[in-house]
Amino acid sequence: MQRIPQPPVNPALRDVEGHDFWPGFIVAVIGLILAFCGARHLTAVDTVDGGNAWETQLVKAFSFDGLQYADKMSPPPPPRGDDPEAMERWARETREAKAPTWKVRVDTAAKTPCPT
Amino acid sequence: MECPVPECRQRPPTELGRKLKRIRPWVQTGFLGVWLAPLGQWLHGIPSCVFHCYSCPLSSFGCPIGIAANYAALAPVALEVPYLLLGLLLLVGAVTGSLACGWACPFGFLQDLLGKIPIRKVALPAWVGHTRYVVLVGLVILLPLILGFKGIPYGDQMISICRLCPAGALEAGLPTSAQSVMAGNGWPMSWFKTLILVAFLASALFVHRPWCRIFCPLGGLLALFNRLSLFHLRFNPKECVECNLCRSRCPMGVHVDEKVNVSGCIRCLECSTCGALEPCFAVPKQAPKPTMPPK
């Protein structure tokens with residue numbers, strides 16, 4: 001430890017820096033109410049299973065790569081093998097597939113760690 | 001440099017200061033067990049109040065900065081208010097200020113350990129702390145908000161701060177890469193991220209808590225509450241002998257002898273060793289009792 005010499009600060013004139021109770025208390029209460037509301041908050045984001053996601057499910061989806069964006073959804077892969085019937089069915093389904101009505105949704109079962 | 005106050009050399013540290021200094025590493029170790037709990041993955045839905053990567057295979061709770069950046073990235077598609085995150089940060093900030101940085105943050109603890117390696121430390125000017133707010137507003141909020149889930153043009157990552165975060169490189173990238181190397185699949189972590197990790201580890205040897213002092217957006221946010229938090233440090237002028245032990249002990253380079261509840265402080269309480277700075281909780285002031293008029 002390197003001792004730093006005292007600058008010309010007079011302790012008798014220095015602010016005591018005692019905090020008032022109420023500002024901290026009021027902010028803490030606001031925080032507590034927000035946290036409680038957040039824990040019970042149903043977001044506008046859909047889940048894969050249907051229904052809306054809880055805020056905790058949405059937060060969990062961030063860390064487990066559980067968010068699905070409609071723009072990034074890729075069509076199903078073509079069937080393997082040389083079955084022309086299956087190939088035709090796949091081509092028809094891909095052609096007739098409508099754009100999803102959702103923009104983003106939560107896969108609550110996702111378990112992949114976020115690709116940090 | 002010689003201390004100008006002759007009596008300070010004889011002055012022993014206070015009992016409280018000694019006790020706090022002794023128990024702090026143990027408290028930090030205990031909190032490490034909370035944030036890195038292998039069975040705690042079900043807690044990922046709840047944000048923590050410290051800086052640690054939720055992609056770590058052992059992590060419990062969510063990284064508040066990662067969550068904030070994800071909310072910002074989600075905003076162009078679905079505007080959601082992170083009530084839980086805001087509430088928890090307000091609550092922790094209003095009650096303890098940046099105490100979590102000094103006593104609970106696993107990333108800060110790692111930097112404390114690296115800082116114990118006896119290499120002469122470089123002193124940083126106080127203004128570098130403002131960079132934390134640039135990171136908070138620029139990288140955590142604005143960049144994901146503007147670019148949304150399309151992300152920055154670097155790989156397929158959508159969150160900008162996570163791309164640059166050394167905690168992510170250390171807690172998630174390093175174990176994953178080590179596993180991959182052991183399986184014979186090479187080093188998957190990008191050279192950019194590896195470079196950030198190496199630069200961070202090297203800088204922690206020469207600067208005390210470099211991440212916390214220059215870049216940490218969470219530390220910057222919690223430190224804003226230091227001016228009003230219920231837990232705070234109070235100056236007792238009667239105990240001050242002008243020895244300046246408080247400022248000399250401060251690892252964060254805060255001018256403790258002038259003002260202590262400032263944004264650069266991580267509330268490690270090292271400065272309380274001298275006895276003139278006392279950790280305390282704010283209590284409601286009692287109204288003065290009415291005195292009986294003299295008969």
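Two residues are in contact here if their C-beta atoms, placed from the backbone, lie within 7 Å. With that criterion in mind, the tour goes through a predicted model, beginning with chain B and its two domains.

**Stop 1: the whole of chain B.** Select chain B and orient the view along its principal axes, where the C-alpha atoms fill a box of roughly 85 × 50 × 35 Å. Colouring by secondary structure brings out twelve helices and two strands, and reading from the N terminus the order of these elements is α-α-α-α-α-α-α-α-α-α-α-β-α-β.

**Stop 2: the two domains of chain B.** Next, colour residues 23–227 as domain 1 and residues 232–279 as domain 2; the centres of the two domains of chain B, taken over C-alpha atoms, are separated by 27 Å. Where they meet, 21 residues of domain 1 of chain B are in contact with 13 residues of domain 2 of chain B. On the domain 1 side of chain B, select α4 (99–103), α10 (210–215) and α11 (217–223), each of which supplies at least two of the residues that touch domain 2 of chain B. That side of domain 1 of chain B is made up of eight nonpolar, nine polar and four charged residues.

**Stop 3: the side of chain B that touches chain A.** Now bring chain A into view, since 55 residues of chain B are in contact with 50 residues of chain A. On chain B, the elements to pick out are α2 (64–74), α3 (83–96), α8 (166–182), β1 (231–235) and α12 (245–249), each supplying at least two residues of the side that touches chain A. Of these, linger on α3(B), from which the largest share of that side comes, nine residues. Colouring by residue class shows 33 nonpolar, 15 polar and seven charged residues on the side of chain B that touches chain A.

**Stop 4: α2 against α6 in chain B.** Keep α2(B) selected and add helix α6 (residues 131–147) of chain B; the two pack at an angle of about 30 degrees, with their axes 7 Å apart. Angles under 35 degrees count as roughly parallel, and α2(B) and α6(B) are therefore roughly parallel to each other. Looking along the line between them, one finds that α2(B) passes α6(B) in a right-handed crossing. Show the side chains of B:Ile65, B:Ala68, B:Ala69, B:Ala72 and B:Ala73 on α2(B), and those of B:Val140, B:Ile141, B:Pro144 and B:Leu145 on α6(B), which together make the contact. By class, this contact of α2(B) with α6(B) has nine nonpolar residues, no polar ones and no charged ones.

**Stop 5: α8 against α9 in chain B.** Move on to α8(B) together with helix α9 (residues 191–206) of chain B, which pack at an angle of about 110 degrees with their axes 9 Å apart. Angles of 65 to 115 degrees count as roughly perpendicular, and α8(B) and α9(B) are therefore roughly perpendicular to each other. The crossing of α8(B) and α9(B) is left-handed. Here B:Pro166, B:Ala169, B:Leu170, B:Gly173 and B:Leu174 in α8(B) meet B:Lys193, B:Ile196, B:Leu197 and B:Phe200 in α9(B), and the residues of this contact divide into seven nonpolar, one polar and one charged.

**Stop 6: confidence in chain A.** Finally, select chain A and colour by pLDDT, which has a mean of 83 over this chain, with 87% of its residues reaching 70 or more. Within chain A, confidence is highest in helix α1 (residues 21–39) of chain A, at a mean of 96, and lowest in helix α3 (residues 84–96) of chain A, at 79.

Notes. Residues numbered from 1 in each chain as written. Chains lettered and ligands numbered in written order. Predicted model: local features only at pLDDT ≥ 70, side-chain atom pairs only at ≥ 80, totals over all residues. Domains from an automatic or database assignment. Helix = DSSP H or I, 4+ residues; strand = E, 2+ residues; numbered from the N terminus. Nonpolar A, V, L, I, M, F, W, Y, C, P; charged D, E, K, R; others polar. Axes fitted to C-alpha atoms, helices over the stretch in contact; angles between N-to-C directions. Parallel < 35°, antiparallel > 145°, perpendicular 65-115°, else oblique. Left-handed = near helix turned anticlockwise from the far one by under 90°. pLDDT = per-residue confidence, 0-100.
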